Amino acid sequence: MTRTELRLALQIAFTYIGTVVGAGFASGQEILQFFTMLGPYAYPGILLATFMFAWVGIKILLLGRKLEAQSYRDLTAYLFGHKIAGAIDTFMMVMLFFVTVAMLAGVGALFEEQLQLSFQIGVILTMVLTFLTILRGMKGIMVANSIIVPIMLVVVLTIFTKSFLQTDHLPNLTPLHDVQPWKWITSGISYAALNLGLAVSVLVPLGGEIKSTRALKLGGLIGALGLGVMLLGAQYAMSTRMPGILEYEVPMGFLSSTFNPLMQGLFTVALFGEIYSTLIANVYGLGSQLASPRRPVQGYLVTVLILTAAFFVAQVGFSNIVQYLYPIFGNLSFLLLLVLLWPRVKLKN
C-alpha cells in the first residue's frame, strides 16, 4: 500500500468515526443505555458492535464504489428497486432531519450549560460553520473529521486512563436489572444498526468518490476499531461510577469534572466536535438526496433550507427528541440492516 493510500485510509476512518459518534455517544448516554447497564455482558456486546461496524461498514463503502454512488439513493435503488427505494429514502430523510434537529438542540444546550451563552447563539454559529464546511463537499467533511476525531480519541482515552488509575473507584460489573444472557447480542446489534443507519448517508457517497478498494477496506477497518476502542474506554470509565452515574444526564461530563478544569474544558471541545461532525454528515446526506450535484447553487439553497427548518424544530429540546424518536429510528434501522445484508442475487444480476 502506498503512502497516499494509507493517508486516504486514515481520512476515511476519521470520517467514519466522526459520522457515527454524536451527542449521544459523547454524553455517554448511548453507551450507558445500550451497554453499561448490562454489567459484565457490556464487553461482549461492544465487541459484537465493533464487528458489525467493520463488516457492514466496509460492505457499504465497497457498494458505494461499485455503484459510483453520489447519494444513498443509488444504494437503495440497487438493493430494492426504484419503487420500494422511494419509501426507504423517505424514511431515511425523515430520520436524518430529526437527528439533525437533535444535534442542533444538543449544541444549543452545550453552549447554554457549559459556556453560559445563549442557546440561540450556539445554534446559529454552528449552522454557519456547518454550511461553510458543506460548501467544500466531501473533502470538507473529511478534513473536518481529520481534526475532530483525534481530539475525541485523546479525550476518551484520557478519561479511561485516569479512571483506570483511580484505585478508590473500581469497576462495578453488577447489572442494573436481571439481564438475560443473550441481551448483549441484541444490544450490540441494535447499537450498530442505529448508527450504521445514520452513517449510510455519508459512507455510500464516500465510497463512490474514493477509487482505491484497499484504502476503503483499510479505512473501514480502522474506523470500526477506533469506534470499538472508544466504546470500551468509555464503558470502563463509566462502570467505575455505577450506579451513581445514572443520576447524570451527561455521564461523561460528570467523569471529566472529577479530574480537573482542563479535562472538563477538553471534554466540552470534544462534545462540540462530535455533535458538529454528526451534523455535517446528516445535512450533507440530506442535501445529496434533495439537490442535483450538477447544480451547486441548488445544493446551497437546499442546505440553507434544511438548517433553517431544523433551527425552528430544535426549539423543542434535545432530550425530548432523543427520548421519543431515537428508539423508533433504532428499530427501523435494524430492519434496514437485515435487508441490506440479505442476499439479493436477482437484483445484482
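Visitor: At what angle do helix α4 (residues 42-67) and helix α5 (residues 72-80) pack?
Guide: This is a predicted model, in which local features need pLDDT of at least 70, side-chain atom pairs count only at pLDDT 80 or more, and totals for chains, interfaces and linings use all residues. Residues are numbered from 1 along each chain as its sequence is written, and side-chain values use heavy atoms, with hydrogens and water left out. Axes are lines fitted to C-alpha atoms, for helices over the stretch in contact, and angles run from 0 to 180 degrees between N-to-C directions. The axes of α4 and α5 are 10 Å apart, and their angle is about 90 degrees.

Visitor: Are α4 and α5 roughly parallel or roughly perpendicular to each other?
Guide: Angles under 35 degrees count as roughly parallel, over 145 as roughly antiparallel, 65 to 115 as roughly perpendicular and the rest as oblique. The angle here is about 90 degrees. The two helices are therefore roughly perpendicular.

Visitor: By class, how many charged residues are in the contact of α4 with α5?
Guide: Contact means heavy atoms within 4.5 Å, and this one is made by Leu-63, Lys-66 and Leu-67 of α4 and Asp-74, Leu-75 and Tyr-78 of α5. Ala, Val, Leu, Ile, Met, Phe, Trp, Tyr, Cys and Pro count as nonpolar, Asp, Glu, Lys and Arg as charged, and the others, Gly among them, as polar. The contact has four nonpolar residues and no polar ones; its charged residues number two.

Visitor: How far apart are the end C-alpha atoms of α4?
Guide: The expected span of a helix is 1.5 Å times one less than its number of residues. With 26 residues, α4 should therefore span 38 Å. The model agrees with this, since the distance between the end C-alpha atoms is 37 Å.

Visitor: And how far apart are the end C-alpha atoms of helix α6 (residues 82-114)?
Guide: The rule of 1.5 Å a residue applies to α6 too. Its 33 residues should span 48 Å. The end C-alpha atoms agree with that, at a distance of 46 Å.

Visitor: Which residue with a positive phi follows α4?
Guide: The residue in question is in the loop between α4 and α5. Its phi is near 50 degrees, a positive value in a residue other than glycine. Its relative accessible area is 56%, so it is exposed (over 50%; buried means under 20%, partly exposed in between, with a 1.4 Å probe and protein chains only). The residue is Glu-68.

Visitor: How many salt bridges does a search of the whole structure find?
Guide: Side chains of opposite charge can pair when their charged atoms come close. A salt bridge is a side-chain nitrogen of Lys or Arg within 4 Å of a carboxyl oxygen of Asp or Glu. The number found is one.

Visitor: With which residue does Arg-214 form a salt bridge?
Guide: The closest N and O atoms are 2.9 Å apart. The pair links distant parts of the chain, 209 residues apart: Arg-214 is in helix α10 (residues 213-239) and its partner is in helix α1 (residues 3-20). Arg-214 is partly exposed at 48% relative accessibility, while the partner is buried at 15%. The partner is Glu-5.

Visitor: What is the relative accessible area of Thr-15?
Guide: Thr-15 lies in helix α1. Leaving aside neighbours within four places in sequence, Thr-15 is in contact with Ile-141, Met-142, Asn-145, Val-202 and Leu-206. Thr-15 is buried, with a relative accessible area of 0%.

Visitor: Is Asn-282 buried or exposed?
Guide: Asn-282 sits in helix α12 (residues 261-290). Not counting residues up to four places away in sequence, Asn-282 touches Leu-96, Val-99, Thr-100 and Leu-198. Its relative accessible area is 1%, so Asn-282 is buried.

Visitor: Which proline has a cis peptide bond from Met-242?
Guide: The omega of this bond is near 0 degrees. The proline is found in the loop between α10 and α11 (251-257). The residue is Pro-243.

Visitor: How many helices does the secondary structure of the protein come to?
Guide: Helices (H or I, at least four residues) and strands (E, at least two) are DSSP runs, numbered from the N terminus. The strand count is zero. The helix count is 15.

Visitor: What share of the residues in the protein is buried?
Guide: The protein has 349 residues. Of these, the buried share is 54%.
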